[in-house]
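Colleague: I'm new to this structure and would love a close look at its aromatic rings. Could you walk me through them?

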Amino acid sequence: MAIQRSFSIRNLVQSLRTASSSFKIADYRGYTSQAVSSLQVASQPSAYSDDEYADVDWDKLGFGLTPADYMYVMRCSKDQNFKRGRLSRYGNIELSPSAGVLNYGQAIYEGTKANRTEDGRILLFRPEQNAARMRHGAERMCMPSPSIEQFVDAVKETVFANKRWVPPPGKGSLYIRPLLLGSGPILGLAPAPEYTFVIYASPVGNYFKEGTAPLNLYIDEEFVRASPGGAGGVKTITNYAPVLKAIAGAKNRGFSDVLYLDAVNKKYLEEVSSCNIFIVKVLLVYNFRLTTGSLVIFCQAKLISSENSNSNHLFEPF
């Protein structure tokens, strides 16, 4: 299997390290939550002091599975709504061999992180957006989904129960993985009769071995990630196993990951397997100043002529 063309893209992709929309777990905007108090009464999972950490070598933390103490589980039947879930010790879940997720891949997932600040707070990054994306994906996959409030409260409960697994500031994050599974048994091709919502967590470091250094990306002209009319716009589990072959090929060539082209023309940049990519055509930083403790950068953008039209497009500062 020959790939006719490959490119090494250096100094293109940088890790985004600033979470400007972070907020406190105990003070989520727009939602009323009893997550902390009910957690302590019902499950009492957090019997550790606020300054106690799990027994982890934080300086050697990579991106691997180190299960935290507790996971969150909530179930519902088809055509019904999710009710109150509960925390339990991290462990295996039981599934029928004929479960919809095992036979037809009816499942979606999310990924978000919790970070610890220097003053001891634990911050989440806009989990309501993850909740909205899960609801969008669930509709595409014919699945019931937790409400945004249920999703966010479940994430907060999970993080609070596992707060000793949140790495010290600057040492990593607590990765949070919400899963929505078609867990009920089904033989014919149809939506499962029961669904399970699970959240588990694991402390992690940088995803790529390069850390925050630039990545080498391999442009693959054979495999595609998504196609018009498909399910590439939702975070279904069926979108991920097919890229393993392409990633393995890229890594065997010494690259970090794969940059896919569009499925129709095979010439437009589409996406990367496991991270976001941002292309800045013209962005000139011409001045900056320090004000009220925050670095404010003023950017000047230029007009770029579109190759596909006679109009001009202004890339606004961000």
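To start with, which residue lies over the face of Tyr70, and at what distance from the ring centre?

Modeller: Happy to help! Please keep in mind that this is a predicted model. The residue over the face of Tyr70 is Arg89, at 4.8 Å from the ring centre. Another ring with a charge over its face is Phe160, where Lys163 lies 4.4 Å from the ring centre.

Now to rings that meet other rings. Searching the whole structure gives nine aromatic pairs. One of them joins Phe63 and Tyr175 in an edge-to-face arrangement, with 5.7 Å from centre to centre and 70° between the planes. Phe63 belongs to the loop between α1 (35-42) and β2 (70-77), while Tyr175 sits in strand β7 (residues 173-182), so this pair ties together parts that are 112 residues apart in sequence. Phe63 is partly exposed, because its relative accessibility is 34%. Tyr175, by contrast, has a relative accessible area of 15% and is therefore buried.

Tyr109 and Tyr240 make a tilted aromatic pair, 5.2 Å centre to centre with 55° between the planes. Here strand β4 (residues 107-109) supplies Tyr109, and the loop between β9 (217-220) and α5 (244-252) supplies Tyr240, so parts 131 residues apart in sequence are tied together. Tyr109 counts as buried at 12% relative accessibility, whereas Tyr240, at 22%, counts as partly exposed.

Finally, look for Tyr72, Phe82, Phe151 and Phe197: together they form one aromatic cluster.

Note on methods. Residues are numbered from 1 along each chain as its sequence is written. This is a predicted model: local features need pLDDT of at least 70, side-chain atom pairs count only at pLDDT 80 or more; totals for chains, interfaces and linings use all residues. Side-chain values use heavy atoms; hydrogens and water are left out. Rings of Phe, Tyr and Trp (its six-membered ring) pair if their centres lie within 6.5 Å; planes under 30 degrees apart count as stacked, over 60 as edge-to-face and the rest as tilted. Helices (H or I, at least four residues) and strands (E, at least two) are DSSP runs, numbered from the N terminus. Buried means under 20% relative accessible area, exposed over 50%, partly exposed in between (1.4 Å probe, protein chains only). A charge sits over a ring if NZ of Lys or CZ of Arg is within 6 Å of the ring centre and within 35 degrees of the ring normal.
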